[in-house]
Amino acid sequence: MTLRGCVSLADTVAGLLSPGRTLLCSRTQTSSSGLSGATMAEESKKLAAYAAVDNNVQNNQVVGVGSGSTIIYAVDRLVERVRQEKLNLVCIPTSFQSRQLILQHGLTLSSLDRHPELDVAIDGADEVDEDLTLIKGGGGCLTQEKIIASCAKHFVVIADYRKDSKTLGEQWKKGVPIEVIPLAYVPVSRAITQRFGGETKLRMAVSKAGPVVTDNSNFILDWKFERPQNWKEVNTSIKMIPGVVETGLFVGMAERAYFGMDDGSVRVRDPPVN
């Protein structure tokens, strides 16, 4: 089912969105009772991705392309708009997966060497709290994703309704991913649990013997925390532990999140005004 009924709203709502604003989409006229949970989640990912691309991508831009299942729909919409509107876009990937998506769809691939400043980066998240603090790295690409996001003038997040939480840990139960130098994974794991409690485990691969190895040839620790924290302080503290490459805590980076909802709408969240 096409979602033109949703994405065509972008021209009228761009610049008018406010925290908590909901965009009505074409599927609101379709009963969700006949959709399985998996199908509904995929439709919701598509709604969020299309709305984010339509509201944030313009001609002659350098676009950061994130990783994960939701990004597939964002790339689909980028391809549609490039073909229909003759957009001139340059795409910077955050992972091997997103690099392959860019190449397979015929989009223009580049790198931070050539384009160190991006106009916008669009990426998914494992969980988003009410302050737009994110947990990312379920797919193991957290370091590249954070680098790309930090180089972008605007960083927007796309997710389905299952990733929307009031506080981190409410929906996502797998913990905060932390990329570490292989030599250091045991002392880093001990240091994190001693300082912040909880449980830290080395992420093991599914289809190979041994641990998950990132695109940077490092390991991933998953820290399952026990309670909400001051995430800015925790992020800084963990990054200071020798051997830590990066954390999956994205604090104060996202400026807008698009959530595809199970009723066919898209909910838009901006950071709270302090």
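How many bridges join β8 to strand β11, and in which sense do the two strands run? Three bridges join them, and the strands run antiparallel. This pairing belongs to a predicted model, and it offers a starting point for reading the structure as a whole.

The chain has 274 residues, and buried residues make up 53% of them. Its secondary structure consists of eight helices and 14 strands. Contacts between distant parts of the sequence can also be considered: of the contacts between residues at least 6 apart in sequence, 75% join residues at least 24 apart. The accessible surface of the chain is about 12,700 Å². Carbon and sulfur atoms account for 50% of that surface.

The account now returns to strand β8, which spans residues 176-180. This strand is mostly covered, with five of its five residues buried. In a regular strand, side chains alternate between the two faces of the sheet. In β8, V176, I178 and V180 point one way, while P177 and E179 point the other way. The residues pointing in both of these directions are buried.

Strand β8 has a partner on each side. With strand β10, residues 219-224, β8 pairs in the antiparallel sense over five bridges. Within this pairing, E179 stands opposite I220 of β10. Strand β11, the partner named at the outset, covers residues 244-247. There, E179 has E246 as its bridge partner, and V180 stands opposite V244. E179 thus serves as a reference point for both pairings, with I220 in β10 and E246 in β11.

These pairings form part of an open sheet of four strands, whose order is β9-β10-β8-β11 and whose pairing is antiparallel. Its edge strands are β9, residues 199-202, and β11, each of which pairs on one side only. From one strand to the next, the twist averages 25 degrees.

Two helices pack on this sheet. Helix α7, residues 185-196, touches β8, β9, β10 and β11. The direction of α7 makes about 15 degrees with that of β10. Helix α8, residues 231-239, touches β8, β10 and β11, and its direction makes about 160 degrees with that of β11.

Another part of the chain shows how two helices pack against each other. Helix α3, residues 37-56, packs with α4 at an angle of about 45 degrees, and their axes are 8 Å apart. The two helices are therefore oblique to each other. In passing α4, α3 makes a right-handed crossing. Residues of α3 that make the contact include E42, K45, A49 and Y50; on α4, those taking part include Y73, A74, R77 and R81.

Beside this helix pair, one further residue deserves attention. T70 lies in the loop between β2, residues 61-65, and α4, residues 71-85. Is T70 buried or exposed? T70 counts as buried because its relative accessibility is 6%, and the cut-off for a buried residue is under 20%. Leaving aside its neighbours within four places in sequence, T70 is in contact with K45, A49, I158 and A159. Of these partners, K45 and A49 also belong to the α3 side of the contact with α4. I158 lies 88 residues from T70 along the chain, yet the C-alpha atoms of the two residues are separated by 7.1 Å.

Technical notes: Residues numbered from 1 in each chain as written. Predicted model: local features only at pLDDT ≥ 70, side-chain atom pairs only at ≥ 80, totals over all residues. Heavy atoms only, no water. Buried < 20%, exposed > 50% of the residue type's maximum accessible area, 1.4 Å probe, protein only. Contact = heavy atoms within 4.5 Å. Areas by Shrake-Rupley, 256 points an atom, 1.4 Å probe, with all protein chains shown as cover. Pairing = 2+ DSSP bridges. Axes fitted to C-alpha atoms, helices over the stretch in contact; angles between N-to-C directions. Parallel < 35°, antiparallel > 145°, perpendicular 65-115°, else oblique. Left-handed = near helix turned anticlockwise from the far one by under 90°.
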